[in-house]
Amino acid sequence: MTLSPMETAAAKTPDSMAKRIRGLSNRTIAWIFVAPTIFLLLAVNIFPLIWTIRLSFTNFRVNRPNNDVEWVGLRNYERILNDPDVWNTMQATAHFLIWTITLQVLIGFALAYLINKKFKGNDMWTTIIVFPMMLSPAVVGNFWTFLYQPQIGLFNYVVAFFTGADPASFSMIGDVHLAPWAIVIADTWMWTPFVMLICLAGLRSIPDSIYEAAECDRASKWRQFWTITIPMALPFLMLAVLFRGIENFKMFDLVVQLTGGGPGNTTTLTSIDLKREAFEKWRTGYSSAYAVILFVTVFGLASIYVKALNKVKER
Amino acid sequence: MMNILNGLLRLRRGPWEMLATILIALGVIMLMQPFVIGLYSYSFIVTLVGTVMFIIVSHFPE
């Protein structure tokens, strides 16, 4: 007689342990399995969060651990929320967020719409388009730095070809007016494929029968697009917007590699500013308050994201 | 409009979640707008109220 893997494992369990396990309720056994995960979550996520909130009410500096730590109440929050420099970084983040999301959704949806049409080499083009998303942000930042070089950069030559301007006459990452657009272009290049994939999933979920019914009713392609395609793909578009919004709010690596937050503070996003406060100026209490503000904002946006996700699931 | 008010008074999840979502969105807009620093100063409290409200009202009945 052959034993199942479960029976083999049960047979190998020592008698003393088997007796102990048999005495436990199902609920207790479930807790034994879940406990390590809960412990890890508490240790890695919840404890640091509570500790950060506590530090945000103090003047603690991690590079001076022997100094007395004073309870400063809401002073760190007051400073951040009345600081014009932090306000400027929020605006730089807003510029980055608004333009990356707009461009990524428009281009991503257009690409998805084209890829959704059945044509030869469809799969190959999908793979080529998705390629930038697979790269590391550090690598993308590095090679866009070369592309933006005024002397040898391909980007300047392409712009010069279309506008007739001298390629060496402008520097995308050295000019205060162009640098914010330089990071928008690089991020759009990298993450548009992600939006395209979400939109493609939305477009492929629309049954052909709806379009066939519209054809029978003599609806034009334009009308089909606005009354069938857009409303049915809208939840997916919304998800893409929220997902990219949350991700770009925390953007750090690509921008640091590309511009380092410069020139001046024009591309200093909130996460870069936070890192400087925490690990260059060593204002741990202040940067903890800064982190809490960003956390609440991202958590709020994530709550909306989860609500939108549930609505998509209900469809 | 009356439905929304009734839902709010009867502590129903839908309208309260909508209110919390509006507060969160308003807070984020206030945080990032480039016009009035006063709005920026109050953005965090608006977002915090919206987020805490969202967590509480998600336990309300449908």
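Helices and strands are taken here as DSSP runs, of at least four residues for a helix and at least two for a strand, numbered from the N terminus. On this basis, in the predicted model, the elements of chain A run α-α-α-α-α-α-α-α-α-α-α-α-α-α from the N terminus on. Chain A thus has 14 helices and zero strands. The C-alpha trace of chain A spans about 85 × 70 × 35 Å along its principal axes. Its radius of gyration is 27 Å, whereas a compact globule of 315 residues would have a value near 20 Å.

Chain B contains three helices and zero strands, in the order α-α-α from the N terminus. With a radius of gyration of 13 Å, well over the 11 Å given by the globule rule for 62 residues, chain B is more spread out than a compact globule. Along the principal axes of chain B, the C-alpha trace spans about 40 × 25 × 10 Å.

Annotations from UniProt were placed on both chains. For chain A, an unreviewed UniProt entry lists residues 90-305 as "domain: ABC transmembrane type-1". This span of chain A is 75% helix and 0% strand, and its end C-alpha atoms lie 21 Å apart. The UniProt annotation "transmembrane region", also from an unreviewed entry, covers residues 29-51, 96-115, 127-147, 178-203, 224-246 and 288-306 of chain A. Among these, residues 29-51 of chain A are 100% helix and 0% strand, with end C-alpha atoms 32 Å apart. Residues 224-246 of chain A are likewise 100% helix and 0% strand, and the end C-alpha atoms of that span are 32 Å apart.

In chain B, the "transmembrane region" annotation of an unreviewed UniProt entry covers residues 16-36 and 42-60. Residues 16-36 of chain B are 81% helix and 0% strand, with 28 Å between the end C-alpha atoms. For residues 42-60 of chain B the helix content is 84% and the strand content 0%, and the end C-alpha atoms are 28 Å apart.

Packing of helices was examined within each chain. In chain A, helix α6 (residues 122-134) packs on helix α9 (residues 179-204) at an angle of about 120°, and the two axes are 7 Å apart. Angles between 115 and 145 degrees fall outside the parallel, perpendicular and antiparallel classes, and α6(A) is therefore oblique to α9(A). The crossing of α6(A) and α9(A) is left-handed. On the side of α6(A), the contact is made by A:Ile129, A:Val130, A:Pro132 and A:Met133, and on the side of α9(A) by A:Trp189, A:Met190, A:Trp191, A:Pro193, A:Phe194, A:Met196 and A:Leu197. By class, this contact of α6(A) with α9(A) has 11 nonpolar residues, no polar residues and no charged residues.

In chain B, helix α2 (residues 13-32) and helix α3 (residues 37-57) pack at an angle of about 155°, with axes 7 Å apart. Angles over 145 degrees count as roughly antiparallel, and α2(B) and α3(B) are therefore roughly antiparallel to each other. Their crossing is left-handed. Residues of α2(B) in the contact include B:Arg13, B:Trp16, B:Glu17, B:Ala20 and B:Leu23, and those of α3(B) include B:Leu39, B:Tyr40, B:Tyr42, B:Ser43 and B:Val46. The residues of the contact of α2(B) with α3(B) divide into 16 nonpolar, five polar and two charged.

The contact between the chains takes 18 residues from chain A and 17 residues from chain B. On the side of chain A that touches chain B, at least two residues each are supplied by α4 (75-81), α5 (84-116) and α14 (284-314). The largest share of that side, nine residues, comes from α14(A). By class, the side of chain A that touches chain B has 11 nonpolar residues, six polar residues and one charged residue.

Terms used
Residues are numbered from 1 along each chain as its sequence is written. Chains are lettered from A and ligands numbered from 1 in the order in which they are written. This is a predicted model: local features need pLDDT of at least 70, side-chain atom pairs count only at pLDDT 80 or more; totals for chains, interfaces and linings use all residues. Axes are lines fitted to C-alpha atoms, for helices over the stretch in contact, and angles run from 0 to 180 degrees between N-to-C directions. Angles under 35 degrees count as roughly parallel, over 145 as roughly antiparallel, 65 to 115 as roughly perpendicular and the rest as oblique. A crossing is left-handed if the near helix is turned anticlockwise from the far one by less than a right angle, and right-handed if clockwise. Two residues are in contact if their C-beta atoms, placed from the backbone, lie within 7 Å. Ala, Val, Leu, Ile, Met, Phe, Trp, Tyr, Cys and Pro count as nonpolar, Asp, Glu, Lys and Arg as charged, and the others, Gly among them, as polar. UniProt positions are given in the numbering used here, feature names are shortened, and annotations may be inferred rather than shown by experiment. The radius of gyration is taken over C-alpha atoms; the globule rule is 2.2 Å times the number of residues to the power 0.38.
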